[in-house]
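Reader: Got a minute to go through this model with me? Let's start with side-chain contacts and then move on to pockets.

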Amino acid sequence: MEPWRYSSQGLCIALRVTPRGGRDAIDGIEVLADGRPVVKVRVRAVADGGEANRAVMAVLAKALGVRKIDVRILAGATSRLKQVAVEGDPVQLGNVLRALTAVQTK
């Protein structure tokens, strides 16, 4: 099961964010204790004043090859667990995300 859903506008992705993670990166897929899969994202930014959220959106935009304004937080702005929408071709975005997380799935 993948931690993202397809829509006509793009993808909705479930994330688990680690602020002050030492680097900006997508670290694969993790299954939470309740069985939900999430994409693990770490950022160097601190979780203060929205810095970590902006960094997460920038990391996703760069990795998926979309503009920063095409990435927005739907839910979880103050939580480590977030729902993020990415606008673009859903099939292409899904393929890129699958490739980014394939070798790092845990």
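Reader: Which side chain does Asp27 make a polar contact with?

Author: The side chain of Arg23, at 3.3 Å. A polar contact is a pair of N or O atoms within 3.5 Å, one able to donate a hydrogen and the other to accept it; sequence neighbours count only if both atoms are side-chain atoms. This is a predicted model: local features need pLDDT (confidence per residue, 0 to 100) of at least 70, side-chain atom pairs need 80 or more, and totals for chains, interfaces and linings use all residues. Side-chain values use heavy atoms, without hydrogens and water, and numbering starts from 1 along each chain.

Reader: Is Asp27 buried or exposed?

Author: Buried, with a relative accessible area of 13%; the cut-off is under 20%, with a 1.4 Å probe and protein chains only. Asp27 sits in strand S3, residues 25–31. Strands are DSSP E runs of at least two residues, helices H or I runs of at least four.

Reader: Switching topic, what's the mean pLDDT of the chain?

Author: It's 91, and 96% of the residues reach 70 or more. By element, strand S6 (81–87) has the highest mean, 96, and helix H2 (90–102) the lowest, 91.

Reader: And how much space is in the largest pocket?

Author: About 160 Å³, meaning the space filled by probe spheres set on the grid points. Its lining residues (an atom within 4 Å of a point) include Trp4, Cys12, Arg36 and Gln83.

Reader: Which element gives the largest share of that lining?

Author: S2, with 3 residues.

Key: On a 1 Å grid over the protein atoms alone, a cavity is a set of points where a 1.4 Å probe fits but cannot get out, and a pocket is an open set with protein on both sides within 12 Å along at least five of seven lines; lining residues have an atom within 4 Å of a point. Buried means under 20% relative accessible area, exposed over 50%, partly exposed in between (1.4 Å probe, protein chains only).
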